[in-house]
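Thanks for making the time this morning. I would like to walk you through one model, so please have the sequence and the structure open as I talk.

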Amino acid sequence: VNKNVLVSAIERMEYIFDNFEIIQVSVSGGKDSTAIYHLALSEAIKRNRKINVFFLDQEAEYSSTIKMIKKLM
């Protein structure tokens with residue numbers, strides 16, 4: 001089957017929400033974890049569910065990264 005990356009990622013997120021009660025997304029502030037966060041949040045909204053968001057501040061982060069993480073949380 002010819003699928004693009006977004007369709008495949010959405011299907012994987014649906015699988016996760018179908019099979020797990022607690023969903024936790026670890027974010028670093030980078031583009032990849034931010035994209036996964038948005039996919040998970042979209043699926044949670046569709047299903048009227050919540051997600052947990054985890055961020056570990058290693059005290060070496062840019063202040064702009066910290067601001068963005070606070071906005072996500």
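Which residue follows helix 2, and what is the sign of its phi? The residue after helix 2 is Asn 48, and its phi is positive, near 55°. I should say at once that this is a predicted model, so please hear everything that follows as computed from that prediction.

Let me stay with helix 2, which runs over residues 31-47. Its 17 residues, at 1.5 Å a residue, should span 24 Å, and because the C-alpha atoms at its ends are 24 Å apart, the expected span and the model agree.

Now to the buried side of the story. Ser 33, Thr 34, Tyr 37, Leu 39, Ala 40, Glu 43 and Ala 44 are the buried residues in helix 2, and they pack against helix 1, strand 1, strand 2 and helix 3. As general background, an α-helix has 3.6 residues a turn, so residues three or four places apart point the same way.

Take Tyr 37 as the example from helix 2: its relative accessible area is 7%, and because the cut-off for buried is under 20%, Tyr 37 counts as buried. Beyond its neighbours within four places in sequence, Tyr 37 is in contact with Val 25, Val 27, Ile 51, Val 53 and Leu 72, while its C-alpha atom is 8.0 Å from that of Ser 26, 11 residues away along the chain.

Tyr 15, in helix 1, is exposed, at 52% relative accessibility. Together with Ile 16 and Phe 20, Tyr 15 forms a nonpolar surface patch of about 310 Å² of accessible area.

How values were computed: Residues numbered from 1 in each chain as written. Predicted model: local features only at pLDDT ≥ 70, side-chain atom pairs only at ≥ 80, totals over all residues. Heavy atoms only, no water. Patch = residues over 30% accessible without salt bridge, like charges linked within 9 Å, V, L, I, M, F, W, Y side chains within 5 Å. Areas by Shrake-Rupley, 256 points an atom, 1.4 Å probe, with all protein chains shown as cover. Salt bridge = Lys/Arg side-chain N within 4 Å of Asp/Glu carboxyl O. Helix = DSSP H or I, 4+ residues; strand = E, 2+ residues; numbered from the N terminus. Buried < 20%, exposed > 50% of the residue type's maximum accessible area, 1.4 Å probe, protein only. Expected span 1.5 Å × (residues − 1). Contact = heavy atoms within 4.5 Å.
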